[in-house]
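Student: Please take me closely through a single part of this model, the loops that join its regular elements, together with the contacts between charged side chains. I am new to it, so please go slowly and explain each term as it comes up.

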Amino acid sequence: MTGWVVIAGLGPGNEALVTPEAQDALDQATDIVGYIPYVERVEPREGLTLHPSDNRVEIDRSRHALEMASEGKRVVVVSSGDPGVFAMAAAVLEAVEHGEPDWRDLDIRVLPGITAMLAASAACGAPLGHDFCAINLSDNLKPWDLIEKRLKLAVEADFAMAFYNPRSKSRPEGFVKALKLLQDTAGDSRPIIFARNVSRPDQTINIVPLDKATPDMADMRTVVLLGSSLTRIIERDGTPLVYTPRSVEK
Ligand SMILES: C[S@@+](CC[C@H](N)C(=O)[O-])C[C@H]1O[C@@H](n2cnc3c(N)ncnc32)[C@H](O)[C@@H]1O
């Protein structure tokens, strides 16, 4: 049997947003590796072994997947959303670069998925309709100073922004500082969108002016979108529509 490793994204939560390509890989797999809540999304069946593991063991998990593929197993490493966005694809490649030389010869494929910011953007219109950037607000793997520098430069460049991992129980202060920096530097009331549990039955979309936003509006199940200075709101009954125009005056 020839082994392989596929790193697949399961989308933001709604099963309709799992791509047919990712589902096909899951159907062919002998082994599924990933963080516990993502592995729980995979339907158990005969011939399939599930290997759920805890958070923050990404390199161990990657090495395990590569070892199993070397032994001939068909392994899917699952992430939520897209596996290349703050997720397992980079971890597996890091393990390949620093691991056994023959891991480089394995069949390793990354399958795209629908990332949280795109599902959130679609849920309220098109706030990422022009230039934007995505920033992971967790300082677990990078210095906080770098996050602040990137936030300041993104405001200066007038990007719309998407923030992942905004606030956790172990890092309650980070988002307080990030939000204050954004409110101080953007200096206007552009819309900020708190999109929680996007695409799931308990999805909530909370759109407020930046100067009225408070840190408790975000948690780890929220992706936060901030408009650029040009982002518009179309008021109507129910959730307003938000969009960033495709053009900037020349
Ligand atoms: C470790 S990152 C993984 C991102 C994932 N790879 C993706 O592409 O969406 C986890 C963060 O993604 C965001 N996220 C993931 N799924 C979400 C959802 N259904 N609704 C809102 N935010 C979500 C949250 O900001 C969460 O803290």
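Tutor: Let us begin with how cover is described: a residue is buried when its relative accessible area is under 20%, exposed when it is over 50%, and partly exposed in between, with a 1.4 Å probe and only the protein chains taken into account. The model is predicted, so local features need pLDDT of at least 70 and side-chain atom pairs count only at pLDDT 80 or more, whereas totals for chains, interfaces and linings use all residues. Residues are numbered from 1 along each chain as its sequence is written, and side-chain values use heavy atoms, with hydrogens and water left out.

Pro 112 is a good place to start, and it is found in the loop between strand 5 (107-111) and helix 5 (116-124); helices (H or I, at least four residues) and strands (E, at least two) are DSSP runs numbered from the N terminus. Pro 112 counts as partly exposed because its relative accessibility is 46%. Along the chain, Pro 112 is 105 residues away from Ile 7, and yet the C-alpha atoms of Pro 112 and Ile 7 are separated by 8.6 Å.

Gly 84 can be set beside that pair, since another pair separation is given for it. Gly 84 sits in the loop between strand 4 and helix 4, and a relative accessibility of 54% is why Gly 84 counts as exposed. From Gly 84 to Gln 203 there are 119 residues in sequence, and the distance in space is 23 Å, taken from C-alpha to C-alpha.

Next come residues with a particular backbone angle. Arg 56, although it is not a glycine, has a positive phi of about 65°. The loop between strand 3 and helix 3 is where Arg 56 is placed, and Arg 56 counts as exposed because its relative accessibility reaches 57%. Ser 199 is a residue other than glycine whose phi is also positive, near 75°. Ser 199 belongs to the loop between strand 9 and strand 10 (204-209), but here the cover is of another kind, for Ser 199 is buried, with a relative accessible area of 16%.

Now to the charged side chains. A salt bridge is a side-chain nitrogen of Lys or Arg within 4 Å of a carboxyl oxygen of Asp or Glu, and by this rule the model holds six salt bridges. One of them is formed by Arg 41 and Glu 15, whose closest N and O atoms are 3.5 Å apart. This pair links distant parts of the chain, 26 residues apart, with Arg 41 in the loop between helix 2 and strand 3 (49-53) and Glu 15 in the loop between strand 1 (4-9) and helix 1 (20-28). The partners are covered unlike one another: Arg 41 is buried because its relative accessible area is 19%, whereas Glu 15 is partly exposed because its relative accessible area is 47%.

Asp 158 and Arg 190 make a further salt bridge, in which their side chains meet at 3.7 Å from N to O. Asp 158 lies in the loop between helix 6 (144-156) and strand 8, and Arg 190 in the loop between helix 7 (172-186) and strand 9 (191-196), so the pair ties together parts of the chain that are 32 residues apart in sequence. Asp 158 counts as partly exposed because its relative accessibility is 28%, while Arg 190, at 6% relative accessibility, counts as buried.

Not every such contact involves loops, for Asp 184 and Lys 180 both lie in helix 7, where they are four residues apart, about one turn of the helix. The side chains of Asp 184 and Lys 180 meet in a salt bridge at 2.7 Å, N to O, and Lys 180 counts as partly exposed because its relative accessibility is 48%. Returning to Asp 158 and Arg 190, these two residues and Asp 188 are joined into one network by salt bridges that share partners.

Leu 241 gives a last point of comparison outside the loops, as it lies in strand 13 (residues 241-243). With a relative accessibility of 31%, Leu 241 counts as partly exposed.
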